[in-house]
Amino acid sequence: MTLTLYVDGPRWRAHLASVAAGTPGLVPVVKGNGYGFGRALLAAEAERLDAPALAVGQPDEVADVRPHFRRDVLVMGPHLPGVDATPEPSDDVVRTVATLDGLRALAGHRVVVELTSSMHRFGLATAELDAAVDDLDQVRLEGFALHLPLEPFARGVVDEVSRAVGYLPTARGAAGRRMWVSHLGPGDIDTLRQRHVDVTFRVRVGTRLWLGDPAAAVVRATVLAVHRLRRGERYGYYQRRVSRDGWLVVVSGGTSHGIAMQAPGAAATARQRARSVAEGGLEAIGRALSPYRIGGARRWFAEPPHMQVSMLWLPGVEDPPAVGSELDVDVRATTTTPDRVQVSG
Ligand SMILES: *Cc1c(COP(=O)(O)O)cnc(C)c1O
């Protein structure tokens with residue numbers, strides 16, 4: 001009764017290797033739900049890629065990756081005094097600071113200083129950098145960081161990085177010329193490397209690395225039960241009635257896995273909706289499209305997903321899927337927590 005992420009190991013690893021080869025200074029990002037794969041598994045892959053460092057989102061994620069990755073772990077979430085407890089300094093964990101008081105609180109630590117960017121999430125203003133010269137002497141500086149908006153929304157990010165490079169304090173050795181960047185494409189990085197030959201770029205990549213080849217990892221659910229319902233029969237928590245005969249298909253995967261109701265919005269979805277209305281009658285109105293595919297098409301939830309299972313509605317006489325068979329599920333891996341990850345090869 002599980003939701004499974006099936007990974008085509010050889011194909012996935014070939015993709016990871018090609019991203020690594022095209023991205024010198026790659027720092028794999030392993031955070032949150034581990035992009036659906038789990039943090040431990042990704043940390044082991046980062047080790048195989050010989051990455052110089054691995055980046056996690058927050059301090060409590062270090063423990064999961066540490067047994068699998070030998071080199072430096074960067075915590076990207078900035079240390080915020082007054083919000084976070086002050087950590088112990090560590091020789092193999094690099095912290096991020098994004099405020100002057102954060103920088104002061106981490107005297108003696110290995111530290112990356114995040115600079116403000118067009119993201120406006122976290123970051124020290126360049127003016128504050130001038131005021132931070134003495135405080136920079138108190139930390140083991142590992143470089144500066146810029147977190148940039150996503151392609152294709154980013155505008156002029158290459159020049160934005162160049163401006164930040166222009167503000168870097170001088171005479172700080174190699175670490176003072178090291179920039180940790182997020183969300184720059186390979187072309188932009190090449191341009192920057194040519195422009196700033198004395199700067200070492202560390203490129204933090206998550207989604208493009210782990211999920212860049214969608215066919216390499218697919219989520220599948222199991223059909224757990226199939227019930228024939230006659231027009232007018234009631235079903236489910238909400239005891240709704242079906243307006244025609246059809247199949248109620250109970251499948252694995254629910255809210256605890258991140259299976260959610262999705263508003264039908266895209267054009268393809270509108271077409272599906274129209275088709276479903278045509279096939280299922282007006283009952284399709286008011287239902288939500290599910291991410292589960294039967295016979296190639298996404299199907300309607302019979303009612304909102306339950307905690308570990310979901311109920312789909314298959315109107316008409318179409319053959320239902322067999323109990324025990326598996327269905328493809330179109331879910332965003334970053335919001336899905338499968339029960340099981342199976343890597344082939
Ligand atoms: C999450 C995160 C990344 C990685 O983002 P992807 O879109 O998954 O590549 C990079 N940098 C920072 C600061 C992040 O928080």
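**Exercise 1. Overall make-up**

Task: State what share of the residues in this predicted model is buried, and describe the overall build of the protein.

Solution.
Step 1. Of the 345 residues in the protein, 48% are buried.
Step 2. The secondary structure consists of 11 helices and 18 strands.
Step 3. Along the principal axes, the C-alpha atoms fill a box of roughly 80 × 40 × 40 Å.
Step 4. The chain is divided into domain 1, residues 3-212, and domain 2, residues 221-327. Between the C-alpha centres of domain 1 and domain 2 the distance is 42 Å.

**Exercise 2. The ring pairs of Trp12**

Task: Classify the ring pairs that Trp12 forms with Phe37 and with Trp210, and say which parts of the chain each pair links.

Solution.
Step 1. A pair of aromatic rings is described by the distance of the centres and the angle of the planes. Centres must lie within 6.5 Å; planes under 30 degrees apart count as stacked, over 60 as edge-to-face and the rest as tilted.
Step 2. By this rule, the count for the model is 3 aromatic pairs.
Step 3. For Trp12 and Phe37, the centres are 4.6 Å apart and the planes differ by 15 degrees, which makes the pair stacked.
Step 4. Trp12 belongs to helix α1 (residues 9-22), while Phe37 belongs to the loop between β2 (26-28) and α2 (39-48), so this pair ties together parts that are 25 residues apart in sequence.
Step 5. For Trp12 and Trp210, the ring centres are 6.1 Å apart and the planes stand at 40 degrees, so the pair is tilted.
Step 6. Trp210 is in helix α10 (residues 207-210) and Trp12 in helix α1, so far as the chain is concerned 198 residues apart; the pair links distant parts of the chain.
Step 7. Through these ring pairs, Trp12, Phe37 and Trp210 are linked into a cluster.

**Exercise 3. Burial of the cluster**

Task: Decide whether Trp12, Phe37 and Trp210 are buried or exposed.

Solution.
Step 1. The cut-off for buried is under 20% relative accessible area.
Step 2. Trp12 has a relative accessible area of 0%, and therefore counts as buried.
Step 3. Phe37 is buried, as is Trp12.
Step 4. Trp210 has 1% relative accessibility, so this residue is buried.

**Exercise 4. Charges over rings**

Task: Which arginines sit over the rings of Trp180 and Trp247?

Solution.
Step 1. Over the ring of Trp180 sits the charged end of Arg202, 5.7 Å from the ring centre.
Step 2. Over the face of Trp247 lies Arg228, at 4.7 Å from the ring centre.

**Exercise 5. The ligand site**

Task: List residues around the ligand, pick out contacts to Ser182, His183 and Gly206, and give the share of the ligand that the protein covers.

Solution.
Step 1. The ligand is surrounded by Val29, Lys31, Tyr35, Met76, Arg121, His147, Ser182, His183, Val205, Gly206 and Thr207.
Step 2. In the side chain of Ser182, an N or O atom is 2.7 Å from a nitrogen atom of the ligand.
Step 3. His183 places a polar side-chain atom 2.7 Å from an oxygen atom of the ligand.
Step 4. With Gly206 the backbone takes part: one of its polar atoms is 2.8 Å from an oxygen atom of the ligand.
Step 5. On its own the ligand has 390 Å² of accessible area, and the protein covers 88% of this.

**Exercise 6. Backbone details**

Task: Locate the cis peptide bond at Pro152, and describe Tyr35 and Asp50, which have a positive phi.

Solution.
Step 1. The cis peptide bond joins Glu151 and Pro152, with omega about 0 degrees. Pro152 is in the loop between β7 (140-147) and α7 (157-167).
Step 2. Tyr35, although not a glycine, has a positive phi of about 55 degrees. Its place is the loop between β2 and α2. Tyr35 has 8% relative accessibility, so it counts as buried. Tyr35 is also one of the residues around the ligand.
Step 3. Asp50, also not a glycine, has a positive phi of about 60 degrees. Asp50 lies in the loop between α2 and β3 (53-56). With a relative accessible area of 55%, Asp50 is exposed.

**Exercise 7. Val218 and Leu5**

Task: How far apart are the C-alpha atoms of Val218 and Leu5, and where does Val218 lie?

Solution.
Step 1. Val218 is in strand β10 (residues 217-229).
Step 2. The relative accessible area of Val218 is 27%, so the residue is partly exposed.
Step 3. Val218 and Leu5 are 213 residues apart along the chain, yet their C-alpha atoms are separated by 5.6 Å.

Methods: Residues numbered from 1 in each chain as written. Predicted model: local features only at pLDDT ≥ 70, side-chain atom pairs only at ≥ 80, totals over all residues. Heavy atoms only, no water. Phe/Tyr/Trp six-rings, centres within 6.5 Å; stacked < 30°, edge-to-face > 60°. Helix = DSSP H or I, 4+ residues; strand = E, 2+ residues; numbered from the N terminus. Buried < 20%, exposed > 50% of the residue type's maximum accessible area, 1.4 Å probe, protein only. Lys NZ or Arg CZ within 6 Å of the ring centre and 35° of its normal. Near = heavy atom within 4 Å. Polar contact = N/O pair within 3.5 Å; in protein donor to acceptor, adjacent residues only side chain to side chain. Areas by Shrake-Rupley, 256 points an atom, 1.4 Å probe, with all protein chains shown as cover. Domains from an automatic or database assignment.
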